[in-house]
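Visitor: Please take one helix pair in this model and go through its packing closely.

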Amino acid sequence: MTRTRTLLAILSTTSLAVGLAACESSGDDPRGPDLGSSAELRAPQTCDELLSDIQADALAKIEMQTEQYLDWYASEGGYGRAGGLDAAAGAEADDSGSRSEGPESYSETNTQVEGVDEADIVKTDGEHIYVLSGNQLHILDSWPAEETSLETSFELDGYAHEMFVAEGRAVVFSQTADPRIPPDEDTCGREYEDRGYYYPCYSYGSQFTKVTVVDLNEGEPRLSREVWFEGYYRTSRRHDTQVRAVLNNWSYYLGYDLPNVWEYLYPESDYDRELSSIEARARIYRWRHAAIAAAYARALEDWLPDAVERVEGTLTELPVDCASYYVTRPGLVDYGMTQVVGVHLTDGSAPVTRTGVWGLAHEVYSGAETLVLAQRDYSAWWRAWYGDEDEVSDRTLLHQFTLSADGRTLYDGSGMVPGTIIDQFSMDVRDGVLRVATTETTWRVWREDREWVPPTTENRVLTLEGGENGLYIVGATPALAEGERIFSTRFMGDRAYVVTFEQVDPLWVIDLSNPHDLEVLGELHIPGFSNYMHPLDEDHLLTIGRDADEDGTVRGLALQIFDVSDEMAPTLDHKIVFADRWGYSEAAWDHKAFTFYDHLGLLAFPYLSWGSDWDSYHSSLEVFEVDAEAGFRPVGSIDHTALLDGICATEGDRSCRYYGLNVRRGVFIEDYVYSISHGGVRVHRVDDMSTEVATVRLPR
C-alpha cells in the first residue's frame, strides 16, 4: 500500500531502546543526543514565538490525523466505507485528655516524600477532623474522642477534590464551571430531591479548577481567597506555606475547534453513498486544508488557559506571561497542556504563579526541591504505523523543575526514557540523580499484511543526571522479568524495590548506590502481586495487593510483610489473604487511603466487596496490628451500613452506593480510630473495637 509521506518524518528518531541495549553490552556511557536534547523544552521569549510553536505542534498532529484517516477511510481493506466496511466503525467513536492540651499523637496523610504534604479528602490536626464530601467542607470536633461532633460545615463551589489543612488555613481544590458564565437554571434537576439527591445547575464553557483558601482561625470558617484556573485537577503538593497544583487542560485538544472529518467524508447530502478510495482521499485532503486554516485562525488567547481571581468582589482575569510556557518538538506529546499553579497558604497578597508545559502530564513526582512531570511519547503510535522502523517501543519524556521558595517552578531540563511508568512511586530524586522504573512495550510493526504479533515487555530501573542539553541516562539495570509488567515500585535510600507480575510476583532488590552502575542484588518469586509497598522499617516492607495461584489467576486482597535485611535473598515472612475474591481496597491504587500509625503499629484501610452474586454489599474500615516479627493480627472491622439508612431511595436500592458512600479513610488519634465515609464518622477505641464511643452523621 502506498502511504503519503508528510512533515511527520521529523518524528522518526533512533530507538532509545536500541541505544540502551548497546550501552549495556559495551559498557559505554549511555549518554547520547536522543536521550536529552530531543525531549528538551523550548521557552519562547515572546508571545509571537509561543503562538508559532503551538501552531507547529498543531500542524504536526493534523498531519498525523491525515495519515491515519487516509489509512482508515481511503485505502482498500481499510476500516471505513471506502474499504467496504460499515461506516460506523470510523465514527467518533486518651479519656481524661483536656481540650487545651489536645492529643499527643495522631496519624497524618500517607505521603511519598517525608516533609512534602499531599492533598487528600480527609485531614486532621488531632483536635479536629476535616472532611470533604461533595461540595461541603465538614469540620468535626474530634477530641476528646467521646465528644466527637460536627462543629460546622462550609459550602464550596463545585465538586471538591482534595485539600490541605495547615497554619490555620484550608486550601481546597474543586471542579467548577467558568465563574464568568452564569449557570443555566433550566438544567437544574432539583425535582430529584424527593429521591434523596439532586443534580446541580450546569454552566456551559470550559471546566475550571477552583482554589479556595478558607481561614479556620476565628471560629466559623471564613472565605479568604478564591482563584480559578482553567483545567482539570491532577494532583498537588505543599511545601511549608507554598501550595502547588498540577492541572491538565483537555479543553485545548485541537479537535474542539477542528472540523469533523466525518462531515467531509459523508455529509448529509450523500451519507448513504459508498465512496471510492479516490473520492475519500480528496475529501480527507479538503478536511486537512480546513483543519490547518482553523489552527491558524486561533489567536494565542484561544490556546492558553484562563485564570481568574475574585478581588474585593470583582472577578479579575490574571495576566498571561508567555515566557512561563514551555513547548516540546512538534507532535511529540499528547494533546492539551499541563499547568503547575502556585498559591501561598497564608499570604493572600502573594502573587499566583503559573507555569505551562505543552502536552498532558500523566504522572507527577515532587520532592522537597524538585518536581518531575512525565509525559508519554505521543508519536509512538505514528511511528508504529507509518514510520520506517521494524520495531517500535513506547517512551516517556521527563521534565525536571526546581521549586523555589517564592512559589515559582523553574525549568531545569528534560530527558527521555524507554517505556512508561505506572505511578508517582516509579520516580524519585536523590542527591541530584533522577531514578525511574519503567515498563517498555515493543510492537513489531503491523503493516500491509495485517499480521498480528503480540507485543513484548521488559522492565528496567534507570538513573538520569543533568547535562548541558538536558537529562541523560547514566545507568540502567538489565531487562527485568521479560513478558511481565511493573505493578509497584518503592525507592528507599540507595535501594529500589520493584514488583512485576504475569503469573508470579517477583520482588526485585536493586542497588542504586552507584548511579552509573546499577546492580540487581536479589529477587523473590511468589504468587500474586503488590500494588503498593510501604516501608515498615529499614529491613521490612509492608505491602497491599492481590493473591494469585500458580497459574496467575488473581484471587483475594492480600497483605504481606517482606524481610529485605538480606538484600541478596529477600523473604516473604507474613501474609494474610481476604477470602472474598471480589473484595478490593481503594488503598491498592491510592496510597492516601493506606494509613499506618507508627505510634501503635496499626494499619487501617477501606475495604469494599459486592460478593460473588454482585448483590451482597459490604463496606468497612479494616484495622490490623502489624509487627515485623509477629505479622498481622486483626483488630477489628468497622461497618458503615447503618449510616446509609435513609439515604437510599428504597429498601434494597443499591444505586446510592455507586456514588462514593462507602468507607473512604481511617484516622488515628491517640488510642482511637475514626472511620470516615460520606455517610458519617464512627469512633472506636482500638483496644475494644466492639464498642462505639461516638457517631456523627454528615449532612447529605
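Guide: What follows describes one contact between two helices.
This is a predicted model, in which local features need pLDDT of at least 70, side-chain atom pairs count only at pLDDT 80 or more, and totals for chains, interfaces and linings use all residues. Residues are numbered from 1 along each chain as its sequence is written, and side-chain values use heavy atoms, with hydrogens and water left out.
The pair consists of helix α2, residues 47-73, and helix α4, residues 277-297; helices here are DSSP runs of H or I with at least four residues, numbered from the N terminus. Their axes come within 10 Å and cross at roughly 165 degrees, where axes are lines fitted to C-alpha atoms over the stretch in contact and angles run from 0 to 180 degrees between N-to-C directions. That angle makes α2 roughly antiparallel to α4, a term for angles over 145 degrees. The crossing of α2 past α4 is right-handed, that is, the near helix is turned clockwise from the far one by less than a right angle.
On the α2 side, the contact (heavy atoms within 4.5 Å) is made by Gln55, Ala58, Leu59, Ile62, Glu63, Gln65, Thr66, Tyr69, Leu70 and Tyr73. From α4 come Ala280, Arg281, Ile284, Tyr285, Trp287, Arg288, Ala291, Ile292, Ala295 and Tyr296. By class, the residues of this contact of α2 with α4 divide into 14 nonpolar, 3 polar and 3 charged. Ala, Val, Leu, Ile, Met, Phe, Trp, Tyr, Cys and Pro count as nonpolar, Asp, Glu, Lys and Arg as charged, and the others, Gly among them, as polar.

Definitions and conventions
Helix = DSSP H or I, 4+ residues; strand = E, 2+ residues; numbered from the N terminus. Parallel < 35°, antiparallel > 145°, perpendicular 65-115°, else oblique.
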